[in-house]
Amino acid sequence: MAIQWFPGHMHLTKKAIGERIKDIDVVIELLDARLPASSANPMLAELTGHKPGLKVLNKQDLADPERTQQWLAHYNALPDTRAIGLDASQTTPARQLVEACHALAPNRGGMAKPMRVLICGIPNVGKSTLINTLAGGRKAKTGDEAGITKLEQRITLADDFYLWDTPGMLWPRIIVAKSGYNLAASGAVGRNAFDDEEVALELLDYVKRHYAKGLAARFKLDLDAATVADMQDEELLDAIGRKRGALLGKGRVNLQKAAEIVMHAFRDGSLGRITLETPEEFAAWLAEGEQLDAERRAKKEARSGKGKRAPAADAGT
Ligand code: G4P
């Protein structure tokens, strides 16, 4: 079943970004380096599309370094876009961010034309951690100053460099089924919105095909990588549960517990440095997702009678 999550209250965030964006020079989007495209927000592109963008692949310490390079190359090839990898071990990330922003908006800088940057990211991507590091000793300004709304926070990275934190949350409508699973596996989705076992099985399905060796080693499966890659997902989850003593009695495995163990091992990096998608894979998933979404919309419109209208009546809606 596809994962859909509605955190609500997004209209305030959209409004605040819409109001702020006209005075912004560069938009930083924080992405999860383990699932860069799935952790992006297409709605953000709609709100900020015409501004230069810096993609920060955060938590790179948990991601497959080779694939991080692929993603960086992918984003760096896009117009008006730069990408850098980052993680919380970086104690002075400001220099990299400042340099990349200046490269994107070379005409900004100096007290007369300070660089004005907006930072955005889905939940759990590490935004608070990064902002705390950036703010360091400097107090992040919130609410009370003229020109800063109650919902916003401004960090002064240098006398001529302002970083605005997006208030609230923007959450994407998930049309790529794999993105839903990857987001859930990463810990970005509220727990009640998905079934742990289903997400763990999807995760195992990918990990066994690309990172079987790490999987076998982490759970001491005593099997070679090729054997692990050939196992059924359910069989793998069962084997992991057994190895870890997640049992219900009469030899049955507690699959819920086993699923939690698998997701936890992915999230804390003990499964190894894993990236759940490549640019090529994501492009294929997106094409499929968009087609299914178009079919769903067409069916919905047909049901609601809209489909009966002449095409001209729908133009501009
Ligand atoms: P958010 O504001 O975007 O929601 O994310 P936040 O900074 O709260 O970070 C979410 C979790 O990700 C935190 O872990 C945080 O420590 C971790 N994290 C942030 N940046 C990095 C990184 O670059 N690498 C790694 N490995 N982890 C990172 P937590 O378990 O939820 O909290 P805590 O145990 O750190 O308190």
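Which residues does the domain assignment of the protein give to domain 1, and which to domain 2? Domain 1 runs over 15–165 and domain 2 over 177–267, according to that assignment. Bear in mind that this is a predicted model. Here's a quick tour of the two domains, the ligand shell and a pair of helices.

**How the domains meet**
- The C-alpha centres of domain 1 and domain 2 sit 33 Å apart.
- Where the two touch, 9 residues of domain 1 are in contact with 6 residues of domain 2.
- On the domain 1 side of that meeting point, you get 4 nonpolar, 3 polar and 2 charged residues.

**Around the ligand**
- The ligand has 14 residues around it, and the closest are Asp87, Gly126, Lys127, Ser128 and Thr129.
- Helix α5 (residues 127–135) gives the most to this shell, chipping in 3 residues.
- Sorted by class, the shell comes out as 6 polar, 4 nonpolar and 4 charged residues.

**Helix α3 (residues 65–76)**
- With 12 residues at 1.5 Å a residue, α3 should span 16 Å, and its end C-alpha atoms are indeed 16 Å apart.
- Its buried residues are Arg67, Thr68, Trp71 and Tyr75.
- Look down the axis of α3 and those buried residues fall within an arc of 105°, so they line one face of the helix.
- That kind of spacing fits the general picture: an α-helix has 3.6 residues a turn, so residues three or four places apart point the same way.
- The buried residues of α3 pack against β2 (53–58), β3 (81–85) and α12 (279–303).
- Turned away from the buried side of α3 is a face carrying the exposed residues Pro65, Glu66, Gln69, Ala73 and Asn76.

**Helix α11 (residues 255–267)**
- Helix α11 has 13 residues and reaches 18 Å from its first C-alpha to its last, close to the 18 Å expected at 1.5 Å a residue.
- Buried here are Ala258, Ala259, Ile261, Val262, Ala265 and Phe266.
- Seen down the axis of α11, the buried residues stay within an arc of 160°, so they too line one face of the helix.
- The cover over the buried residues of α11 includes α6 (177–186), α7 (196–210), α8 (212–218), α10 (233–243) and β9 (252–253).
- Just after α11 comes Gly269, which takes a positive phi of about 85°.

Terms used:
Residues are numbered from 1 along each chain as its sequence is written. This is a predicted model: local features need pLDDT of at least 70, side-chain atom pairs count only at pLDDT 80 or more; totals for chains, interfaces and linings use all residues. Helices (H or I, at least four residues) and strands (E, at least two) are DSSP runs, numbered from the N terminus. The expected span of a helix is 1.5 Å times one less than its number of residues. A residue is buried if 20 or more other C-beta atoms lie within 10 Å of its own, exposed if 12 or fewer, and partly exposed in between; C-beta atoms are placed from the backbone. The arc is that of the directions from the helix axis to the C-beta atoms. Two residues are in contact if their C-beta atoms, placed from the backbone, lie within 7 Å. Domain bounds come from an automatic or database domain assignment. Ala, Val, Leu, Ile, Met, Phe, Trp, Tyr, Cys and Pro count as nonpolar, Asp, Glu, Lys and Arg as charged, and the others, Gly among them, as polar. A residue is near a molecule or strand if its C-beta atom, placed from the backbone, lies within 6 Å of it.
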